[in-house]
Amino acid sequence: MKTQVAIIGAGPSGLLLGQLLHRQGIDNVIVERRSGEYVLSRIRAGVLEQGMVDLLREAGVDQRMDEEGLPHEGFELVFDNRRVRVALDELTGGSKVMVYGQTEVTRDLMEARAAAGATTLYEAENVQPHDLDSDSPYLTFEHNGETIRLECDYIAGCDGYHGVSRQSIPQERIKEFEKVYPFGWLGVLSDTPPVSDELIYASHERGFSLCSMRSATRSRYYLQVPLDEKVEDWSDERFWEELKRRLPDDVAAKLVTGPSIEKSIAPLRSYVVEPMQYGRLFLVGDAAHIVPPTGAKGLNLAASDVNTLYRLMVKVYQEGRTDLIERYSQTCLKRIWKAERFSWWMTSMLHNFSDEEDFNSRMQLAELDYVTSSKAGMTTIAENYVGLPYESLE
Ligand SMILES: Cc1cc2nc3c(=O)[nH]c(=O)nc-3n(C[C@H](O)[C@H](O)[C@H](O)COP(=O)(O)OP(=O)(O)OC[C@H]3O[C@@H](n4cnc5c(N)ncnc54)[C@H](O)[C@@H]3O)c2cc1C
């Protein structure tokens with residue numbers, strides 16, 4: 001089997017890259033470990049930056065997003081019994097974000113790929129990249145009981161944090177940077193109307209909480225919990241009670257509760273690997289970096305890596321410009337470190353790091369008070385939240 005770009009992983013990175021390349025006539029095959037249904041069952045991100053929205057348009061998957069997505073022009077910060085609105089559009093000269101679930105983005109991309117007749121091999125086992133530092137790399141894997149060799153020009157490692165791509169790079173050729181936070185997020189998805197039209201990020205002495213949504217009838221709420229907390233110990237009643245305690249009274253009074261349709265705990269970490277390429281292998285999205293979800297950056301960073309690799313591949317196949325390939329990692333990392341900084345900063349400012357009122361908690365309050373009372377501070381939050389511009393290749 002032969003293709004131009006072999007893509008490992010059919011998450012949002014792999015599917016978006018595949019669709020963009022396909023529309024430019026660049027042949028690609030996606031090899032995914034799980035089934036399509038399993039990929040679609042993962043409940044994850046939901047806030048899309050303008051850059052990602054534009055990229056989805058370029059990929060031709062904007063119809064349902066435009067019909068069902070919710071454009072948001074602001075969000076709220078809650079601290080010290082105060083509610084402060086961050087007016088994204090006013091502070092950034094008109095930029096906003098789109099609330100549209102990762103599951104829906106994935107579904108749209110899967111359907112577009114199927115309609116285009118491009119190949120995705122689901123339930124591929126033991127995917128292994130080979131000869132990455134040669135001119136003719138290839139993948140091997142088992143599919144439907146057959147061992148397959150997929151020859152290609154380039155390999156895109158879009159296989160997430162636990163994937164095989166990053167592990168295929170010799171350890172001495174990469175450097176990893178990591179910060180693990182001493183808490184996780186307990187998330188609940190419910191078919192209840194959101195408590196507010198806009199997202200609410202709330203700092204509280206009992207811990208951080210986030211009121212988010214996927215649509216006008218489906219809510220996503222999160223609570224900061226200790227790392228050793230077990231999801232079985234959180235009945236729906238306990239979750240709703242705790243959420244109400246962490247919200248201002250007027251918000252809590254409006255909260256519509258109901259049965260959860262998904263409940264899970266995700267640990268929070270910041271992680272970056274450098275460089276993001278080795279020979280003809282490129283790491284894309286979560287395979288190369290993780291952010292805590294506080295700034296809504298994980299999925300959006302994956303999209304900006306896709307944008308860079310896609311434009312590089314177009315230069316290679318349409319203009320013969322192989323000289324730009326070496327710049328992939330440095331181009332992506334410039335933007336990644338800024339998003340890592342924003343996510344770390346929001347996490348540090350809004351979460352509870354100690355049960356005691358201490359120096360750190362006073363610093364958090366002072367910082368929130370300062371940034372929300374300063375036009376410069378509010379602009380900093382807004383321009384990072386809507387997404388910094390994509391880096392150019394040249
Ligand atoms: C629980 C959770 C909650 C999250 N919540 C948010 C949020 O609220 N906001 C936000 O912005 N971001 C959030 N994120 C991050 C966001 O979902 C990710 O950044 C995004 O999914 C990255 O997309 P990706 O395609 O790079 O990786 P993934 O979505 O991880 O996709 C990787 C794909 O590769 C496949 N794969 C893995 N290994 C192999 C292999 N060896 N062979 C073949 N295929 C393989 C996987 O099955 C998967 O389909 C969350 C992440 C998690 C885990």
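**Ligand surroundings, helix packing and backbone features**

In the predicted model, a polar atom in the side chain of Q102 is placed 2.7 Å from an oxygen atom of the ligand. The side chain of E32 provides a further contact of this kind, with one of its N or O atoms 2.6 Å from an oxygen atom of the ligand. R44 also takes part, as a polar atom of its side chain lies 3.0 Å from a ligand oxygen. The ligand by itself would expose an area of 990 Å², and 86% of this area is buried by the protein.

The shell around the ligand consists of 29 residues, of which S13, E32, R42, Q102 and D286 come nearest. E32 and Q102 thus appear both in this nearest group and in the polar contacts described above. In chemical character, the shell comprises 13 nonpolar residues, together with eight polar and eight charged ones. Two helices, α1 (12-23) and α9 (298-319), contribute at least two shell residues each.

Helix packing was examined next. Two packed helices are described by the angle between their axes and by the distance between those axes. Helix α9, which supplies residues to the ligand shell, also packs with helix α3 (residues 50-58): their axes come within 9 Å and cross at roughly 50°. This angle is not under 35 degrees and does not fall in the range from 65 to 115, and α3 and α9 are therefore oblique to each other. The crossing of α3 with α9 is left-handed.

A second pair is formed by helix α10 (residues 328-350) and helix α12 (residues 375-385), whose axes are 11 Å apart and meet at an angle of about 125°. Because this angle lies between the perpendicular range, which ends at 115, and the antiparallel range, which begins over 145, α10 is oblique to α12. The crossing of α10 and α12 is likewise left-handed.

Several backbone features are located in loops between strands. The peptide bond that joins E274 and P275 is cis, with an omega of about -10°. P275 itself belongs to the loop between β17 (260-274) and β18 (277-278). E274 is the residue at which β17 ends.

Positive phi values occur at two aspartate residues. D80 is a residue other than glycine, yet its phi is positive, near 50°. D80 is situated in the loop that links β5 (74-79) to β6 (82-87). For D131, phi is likewise positive and near 50°, again in a residue other than glycine. The position of D131 is in the loop between β9 (125-130) and β10 (138-143).

Conventions: Residues numbered from 1 in each chain as written. Predicted model: local features only at pLDDT ≥ 70, side-chain atom pairs only at ≥ 80, totals over all residues. Heavy atoms only, no water. Near = heavy atom within 4 Å. Polar contact = N/O pair within 3.5 Å; in protein donor to acceptor, adjacent residues only side chain to side chain. Areas by Shrake-Rupley, 256 points an atom, 1.4 Å probe, with all protein chains shown as cover. Helix = DSSP H or I, 4+ residues; strand = E, 2+ residues; numbered from the N terminus. Nonpolar A, V, L, I, M, F, W, Y, C, P; charged D, E, K, R; others polar. Axes fitted to C-alpha atoms, helices over the stretch in contact; angles between N-to-C directions. Left-handed = near helix turned anticlockwise from the far one by under 90°.
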